[in-house]
Amino acid sequence: MSYDALQDLTMAGVVWEITDLPSVFAANNIAKPADGNPTPKKDTAGPSGRVATTVVPPITPIQPMSIEIARAMAARPADMPSLLRMISEFNHPLRAGATNVVLPHAAANTGGLVIISDIPGSEDDASGNILSGNAGELMDKMLAAIGMSRDVVSIIPMLFWRTPGGRTPSHEELELSRPFVDRAIEILSPRVILTLGALPATEIGGVSLANSMGKIINSDAGYCIVPIYHPNYLLLKPAAKRDTWIALQAVQNMLKTA
């Protein structure tokens with residue numbers, strides 16, 4: 001096998017460990033002179049007919065990420081710090097094009113309010129924090145209006161990496177992240193989930209935001225889901241804040257009586 005062939009295998013995802021580059025050519029009966037063009041040289045095979053080699057057999061080829069792998073990884077952590085580390089190590093296809101992994105914001109307490117946000121925006125990608133910039137400032141004001149803050153609320157994005165150009169994520173991209181989202185919900189054990197925008201309303205609540213804005217949805221897992229508009233939408237459509245405020249008051253009352 002030639003040196004170029006070894007390079008082709010590496011590019012194809014098969015990793016070879018080469019302990020001594022010149023011996024690669026010796027092992028394949030190829031000499032590499034100073035001009036860089038390999039030429040045949042005298043056979044150095046022993047009595048057995050085999051040529052000594054320092055090329056280690058290839059390790060397992062790099063496997064494409066699958067939903068089964070994602071589920072297995074997400075099932076391991078028993079607490080949020082462990083889950084956050086697992087997400088950081090997860091080789092999601094979107095990871096290569098993102099600036100930062102946008103991890104969930106986990107409050108110290110559990111059993112309260114969990115917010116499921118849309119995919120990370122450009123400011124989230126730059127900072128590595130979910131709900132950054134103007135949308136984050138508005139979200140903080142919305143929480144303050146019902147006597148809460150990020151200190152007591154957990155926020156989970158549907159994806160942990162921004163899509164190229166902020167495009168709509170594919171079904172496969174969402175499916176690979178979903179086990180980690182579900183595991184975070186299990187660990188945090190919320191009484192109420194507030195979804196922000198159309199995507200989380202559909203994926204988490206199984207409803208259309210247009211038809212279920214502000215409505216209380218009872219889940220089989222024992223928590224309530226309340227879909228509302230994303231802060232980015234409210235910045236563009238201030239008139240929608242009134243309906244959102246009514247929904248937030250309902251959430252506040254549920255948390256007081258739960």
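Strands S7 (residues 192-196) and S9 (residues 224-228) run parallel and are joined by five bridges. One of the pairings across this join is that of Val-192 with Cys-224 in S9. The model in which these strands appear is a predicted one. In general, the strands of a sheet pair through backbone hydrogen bonds, either parallel or antiparallel.

S7 also pairs with strand S5 (residues 113-117), in the parallel sense and over four bridges. Here Val-114 has Ile-193 of S7 as its bridge partner. Because five of the five residues of S7 are buried, the strand is largely enclosed by the rest of the structure. The side chains can be sorted by direction: Val-192, Leu-194 and Leu-196 point one way from S7, while Ile-193 and Thr-195 point the other way, and all of them are buried.

From S5 the pairing continues to strand S6 (153-157). S5 and S6 run parallel and are joined by five bridges. Leu-113 stands opposite Val-153 in S6, and Ser-117 stands opposite Pro-157 in S6. With the strands taken together, the sheet is open, has five strands in the order S6-S5-S7-S9-S8, and shows mixed pairing. S6 and strand S8 (217-218) are the edge strands, and each of them pairs on one side only.

Is S6, as an edge strand, mostly covered or mostly uncovered? It is mostly covered, since five of its five residues are buried. This holds for both faces of S6: Val-153, Ile-155 and Pro-157 are buried on one side, and Ser-154 and Ile-156 are buried on the other.

Two helices are placed against these strands. Helix H6 (133-145) packs on the sheet and touches S5, S6, S7 and S9, and its direction makes about 155° with that of S5. Helix H7 (171-188) lies across S5, S6 and S7, and runs at about 170° to S6.

The loop between S6 and H7 contains Leu-159. This residue counts as buried because its relative accessibility is 0%, where the limit for a buried residue is under 20%. What is Leu-159 in contact with, leaving aside its neighbours within four places in sequence? The contacts of Leu-159 are His-92, Leu-94, Ile-119, Pro-120, Pro-169, Glu-173, Leu-174 and Ser-177. Leu-159 and Val-181 are 22 residues apart in sequence, and their C-alpha atoms are 8.4 Å apart in space.

Two other loop residues have a backbone angle to note. Leu-131 lies in the loop between helix H5 (122-127) and H6. Phi of Leu-131 is near 55°, which is a positive value in a residue other than glycine. Leu-131 has a relative accessible area of 4% and is therefore buried. Ser-189, in the loop between H7 and S7, likewise has a positive phi in a residue other than glycine, here near 45°. Ser-189 counts as partly exposed because its relative accessibility is 46%, a value that falls between the cut-offs of 20% and 50%.

The next topic is empty space. Rolling a probe the size of a water molecule over the atoms shows where such space is left. The largest pocket holds about 290 Å³ of space. It is lined by 20 residues, of which Ile-119, Pro-120, Gly-121, His-230 and Asn-232 are the closest to its centre. The elements that give two or more residues to this lining are H5, H6 and helix H10 (231-236). H5 provides the largest share of the pocket lining, with three residues. By type, the lining of the largest pocket has eight nonpolar, nine polar and three charged residues. Ile-119 and Pro-120, which are among the residues closest to the pocket centre, are also among the contacts of Leu-159.

How many cavities of 30 Å³ or more does a search of the whole structure find? The search finds one. The largest cavity has a volume of about 40 Å³. The residues that line it are Ala-107, Asn-109, Thr-110, Gly-111, Gly-112, Leu-113, Val-114, Val-152, Ser-154 and Leu-188. They divide into five nonpolar, five polar and no charged residues. Some residues of this lining have been met before: Leu-113 stands opposite Val-153 in S6, Val-114 has Ile-193 of S7 as its bridge partner, and Ser-154 is one of the buried residues of S6.

Conventions:
Residues numbered from 1 in each chain as written. Predicted model: local features only at pLDDT ≥ 70, side-chain atom pairs only at ≥ 80, totals over all residues. Heavy atoms only, no water. 1 Å grid on protein atoms, 1.4 Å probe; cavity = no way out; pocket = protein on both sides within 12 Å on 5 of 7 lines; lining within 4 Å. Points joined across faces, edges and corners; volume = space filled by probe spheres on them. Nonpolar A, V, L, I, M, F, W, Y, C, P; charged D, E, K, R; others polar. Buried < 20%, exposed > 50% of the residue type's maximum accessible area, 1.4 Å probe, protein only. Pairing = 2+ DSSP bridges. Contact = heavy atoms within 4.5 Å. Axes fitted to C-alpha atoms, helices over the stretch in contact; angles between N-to-C directions.
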